[in-house]
Amino acid sequence: MISFTVTAVVFGVVFLAELPDKTALAGLVLGTRYRASYVFAGVAAAFAVHVALAVAAGSVLTLLPQQILHALTGVLFLGGAAVLLMKRDEDEEEIRKPENQSFWKVSGAGFMLILVAEFGDLTQIMTANLAARYDDPLSVGLGAVLALWAVAGIGIVGGKALMRRVPLKLITKVAALVMLVMGVWSLWEAIAG
């Protein structure tokens, strides 16, 4: 039986923790480039995998060395920033054409990005802790996955809206700068921690 109270508490906690995180940024960047429904399918599947792992693991994830997780996250962010900065200029109209984007290619890219970038993330560890605390894996899992899907949806829709008003080149440079800052910050946490 699903507890509405536990589901709502977990939703609120995970949603607020994930909203300013890299997921919204990843969804925004992917949402500017690809068909939103394809991006969401991949991102949603990756989050379902993450929540299942977190709930199954309980509080075990909190035992992983934080320095290693911060270092890995920092390297991934720096790599993402480098890819964005080195990407050749593309015609914005070409990017907007959905017929050039296969479902499996786009959803697979979204799935892999979230699967790698979110592993060991604060919300995954938080979900594991909540699963251990409430001893209600179904309610915790449902609340966490709905929260993560909501944040991803906001990022993807925000990306589409932003694309109508701001040039893709500027969005890409800002995203790369944010990823660069987050990468340096994560590496600093790994070294300082």
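A cavity, as the word is used here, is a set of grid points where a 1.4 Å probe fits but cannot get out, and its lining residues have an atom within 4 Å of one of those points. With that in hand, let's walk through this model, which is predicted.

**The overall picture**

The protein chain is built from nine helices and zero strands, so reading from the N terminus you meet α-α-α-α-α-α-α-α-α. The chain has 193 residues, and 41% of them count as buried. Among contacts with a separation of 6 or more, 95% join residues that are 24 or more positions apart. The accessible surface comes to about 10300 Å², and carbon and sulfur atoms hold 71% of that area.

**Inside the protein**

How many cavities of 30 Å³ or more does a search of the whole structure find? There are two, and the largest has a volume of about 50 Å³. Around this largest cavity you will find F47, H50, V51, E118, D121, T123, Q124, T127 and L148. By character, the lining divides into three nonpolar, four polar and two charged residues. Helix 3 (36-57) and helix 7 (122-134) each supply at least two residues of that lining.

**Two residues of helix 1**

Helix 1 covers residues 4-18, and T7 has its place there. E18 is found in helix 1 as well. Are these two residues buried or exposed? The table gives their values.

| Residue | Relative accessibility | Class |
|---|---|---|
| T7 | 10% | buried |
| E18 | 0% | buried |

The cut-off for buried is under 20% relative accessible area. T7 counts as buried because its relative accessibility is 10%, and E18 counts as buried because its value is 0%.

Which residues does T7 touch, if you leave out those up to four places away in sequence? The answer is I2, S139, L142 and G143. The side chain of T7 also has a polar atom 2.9 Å from the backbone oxygen of S3.

E18 offers a link back to the cavity. Its C-alpha lies 9.8 Å from the C-alpha of Q124, although E18 and Q124 are 106 residues apart in sequence. Q124, in turn, is one of the residues that line the largest cavity.

If you have the structure open, a handy route is to begin at T7 in helix 1, move on to E18 in that helix, and then look across to Q124 and the rest of the cavity lining, including F47 and L148.

Conventions. Residues numbered from 1 in each chain as written. Predicted model: local features only at pLDDT ≥ 70, side-chain atom pairs only at ≥ 80, totals over all residues. Heavy atoms only, no water. Helix = DSSP H or I, 4+ residues; strand = E, 2+ residues; numbered from the N terminus. Buried < 20%, exposed > 50% of the residue type's maximum accessible area, 1.4 Å probe, protein only. Contact = heavy atoms within 4.5 Å. Areas by Shrake-Rupley, 256 points an atom, 1.4 Å probe, with all protein chains shown as cover. 1 Å grid on protein atoms, 1.4 Å probe; cavity = no way out; pocket = protein on both sides within 12 Å on 5 of 7 lines; lining within 4 Å. Points joined across faces, edges and corners; volume = space filled by probe spheres on them. Nonpolar A, V, L, I, M, F, W, Y, C, P; charged D, E, K, R; others polar. Polar contact = N/O pair within 3.5 Å; in protein donor to acceptor, adjacent residues only side chain to side chain.
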